[in-house]
Amino acid sequence: MSNNREAAASRRLPARALAAVGLGLTLFAGVSLADDHGEAMEMSNGSIIGSTCMGCHGFEGKGSGNIPRLAGLPKEVIAGKMLAYKSDGQEGTVMNRIAKGYSDEEIQAVSEFFANQ
Amino acid sequence: MSLSRRGFLKLSMAMAGVGAVTGLAGCQSNGSVTGAKRVVVIGGGFGGATAAKYVKLFDPTVDVTMIDGQSSHTTCPFSNLVIGGLKDIDEITHDFSALEKRGVNVVKGWVTGIDAEARTVTLKDGSSYEYDRLVVSPGIDFNYDAIEGYSEEVANTTMPHAWQAGEQTLLLRKQLEEMEDGGTFIMAAPPNPFRCPPGPYERVSLVANYLKENKPNSKILVLDPKTGFSKEPLFREGWTANYGNMIEWIGGDFGGGVTKVDPDTMTVTAGGTEYQGDVINVIPSQKAGWIAHEAGLADDSGWCPINTGTYESTMKPGVHVVGDACIGSPLPKSGFAANSQAKNCAAAIVAMFHNENPPEPSWVNTCYSLVAPDYGISVAAVYEVKEGKTVSVEGAGGVSPLGGKNAEKEAGYAHDWYASITEDIWGS
């Protein structure tokens, strides 16, 4: 879990650093190699799990119709829901079946990923 | 905070790239003039477009080119709603403009060859693209020879498979609209493995819904070489609840496997019996898309063997195969699975470029099927790597409960899922 967090944090920094450097290069050489098309997504266990959640919960967890938005919710809220589905403390439709597929550590990691979106 | 090793690598690469560009100003190529790593993706469907977008997302410095024969993708998921008259085909067609906005170089063209040694892809117009890593997501092709009398021409004109969404989807819809009340719709279902396991049964459900509303004296006959099918108890319960006995299913152990068709007499032969239909939907057995065979990526099974997690071909190093074309079991051949596979593949490729270990692979598959417009069912599973193999996580997944208590809710979720996954891939 803490490894996931560290890994995620270590990968978030370079994209921003690179974007800043890229801006500098644009001024210097007239060529930008940095990302002009939005921020990079971290590469971590939380983001890989999270990216597959997006199949229903939408890109970056923005939600769609009655499928809830996850982006920007407090980590504790997302993790609490997932753990409730996992233990059948809360009844859903498909989420009870899906939440049982993840360890508590994975639930924490993916919750942090969506909280940061 | 200091810059991590990964950040340093990226920074070094970007700096090196400036020199290269300065030296070779004006050179137009997907080549390494910028010093960037190059990924070429063949196919703009669920697997390909996801791989293109997520490689770019995980590392925006990678030069990504996506090649597709069309300038948009019409999805097989929800094409049954077009056939059933519930959606227009434009609503399930997605262009590639959002990918272009993300910096993906989108090329319209037909790939005619892959040289895995030289790491180049050649197009019909003679142009070629170099790559460091290639992702092939060509979808499916058909074994027309498996059924006597069936051919691509018969499929295009008389007995559509409509198992690649597009013209044949519209042809099947038109045939249904022209059918008289009291007619018979016959489906020849495919043998395993095939694209979208619940798809044929959702299709007959939505055909039944159309006929019930418009031509209530009609019948549906499903001739199936298999002895069972995906979500069978749920489909059967839903069929009885919504359509009485309109749908008859004959399985493989009762002679359901279609061996011959005759488009002139509009008949099909299964288990030695000839059946006449007014509209006949023949979904033949399947294999990986053409280019996978041409490039030597498929084995004797007709599908492409890959390494767990990375999706790198076991037959051609440097080439990754995702989606329906790969042997991705236990994940089914579904759009959702292709999306999930492509994200893991994209992460593996970016990690390889940086000499890092990719994150632990993880997959989900959730397939909703509409038994009727307000009656949905689902199957879901979560997958992980255990002892070097992809396995379904024990104790997770499964199908909707019988009794239909969530059917209305799940019908709504089916639409919300479609909006989400298509937005994830082609929308932003």
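How many salt bridges does a search of the whole structure find over all chains? I ran the search and got 16. The model is a predicted one, and I kept that in mind throughout.

**Entry 1: a pair between chains**

I began with A:Glu91, which forms a salt bridge with B:Lys405. The closest N and O atoms of this pair are 2.7 Å apart. The pair crosses between chains. On one side, A:Glu91 sits in the loop between α3 (75-86) and α4 (95-99) of chain A. On the other side, B:Lys405 sits in the loop between β23 (398-399) and α11 (407-427) of chain B. I then looked up accessibility and noted that A:Glu91 and B:Lys405 are exposed.

**Entry 2: helix α3 of chain A**

Next I looked at α3(A), the helix before that loop in chain A. I compared its span with expectation: at 1.5 Å a residue, its 12 residues should span 16 Å, and the end C-alpha atoms are 16 Å apart, which agrees. I listed its buried residues as A:Lys75, A:Ile78, A:Ala79, A:Met82, A:Ala84 and A:Tyr85. Just after the helix, A:Asp88 takes a positive phi of about 65°.

**Entry 3: B:Arg38 and its partners**

I moved to chain B and found B:Arg38 in strand β1 (residues 38-42). Is B:Arg38 buried or exposed? Its relative accessibility is 9%. Buried means under 20%, so B:Arg38 counts as buried.

I looked for its partners. B:Arg38 forms a salt bridge with B:Asp132, with the closest N and O atoms 3.2 Å apart. B:Asp132 lies in the loop between β8 (128-130) and β9 (133-136) of chain B, so the pair ties together parts that are 94 residues apart in sequence. B:Asp132 is buried, as is B:Arg38. A polar contact of 2.8 Å also joins the side chains of B:Arg38 and B:Glu130. I wrote down B:Arg38, B:Glu130 and B:Asp132 as linked in a network of salt bridges.

**Entry 4: the strand around B:Arg38**

I then took β1(B) as a whole. Of its 5 residues, 5 are buried, so the strand is largely enclosed by the rest of the structure. B:Arg38, B:Val40 and B:Ile42 point one way from the strand, and B:Val39 and B:Val41 point the other way.

Which strands pair with β1(B)? I noted β2 (residues 63-68), in the parallel sense over 5 bridges, and β9(B), in the parallel sense over 4 bridges. B:Ile42 stands opposite B:Ile67 in β2(B). B:Val40 stands opposite B:Leu134 in β9(B).

**Entry 5: helix α2 of chain B**

I looked up how β1(B) and β2(B) are connected: with α2(B), they make a right-handed β-α-β unit. Helix α2 covers residues 46-58 and has 13 residues. From first C-alpha to last it reaches 18 Å, close to the 18 Å expected at 1.5 Å a residue. I found 13 of its 13 residues buried, so α2(B) is largely enclosed by the rest of the structure.

**Entry 6: a pair between two helices**

Last, I looked up B:Asp424, which forms a salt bridge with B:Lys343. The closest N and O atoms are 2.7 Å apart. This pair links distant parts of the chain: B:Asp424 is in helix α11 and B:Lys343 is in helix α10 (residues 335-353), 81 residues apart. I recorded both B:Asp424 and B:Lys343 as buried.

How values were computed. Residues numbered from 1 in each chain as written. Chains lettered and ligands numbered in written order. Predicted model: local features only at pLDDT ≥ 70, side-chain atom pairs only at ≥ 80, totals over all residues. Heavy atoms only, no water. Buried < 20%, exposed > 50% of the residue type's maximum accessible area, 1.4 Å probe, protein only. Polar contact = N/O pair within 3.5 Å; in protein donor to acceptor, adjacent residues only side chain to side chain. Salt bridge = Lys/Arg side-chain N within 4 Å of Asp/Glu carboxyl O. Expected span 1.5 Å × (residues − 1). Pairing = 2+ DSSP bridges. Right-handed = clockwise from strand over helix to strand, strands pointing away.
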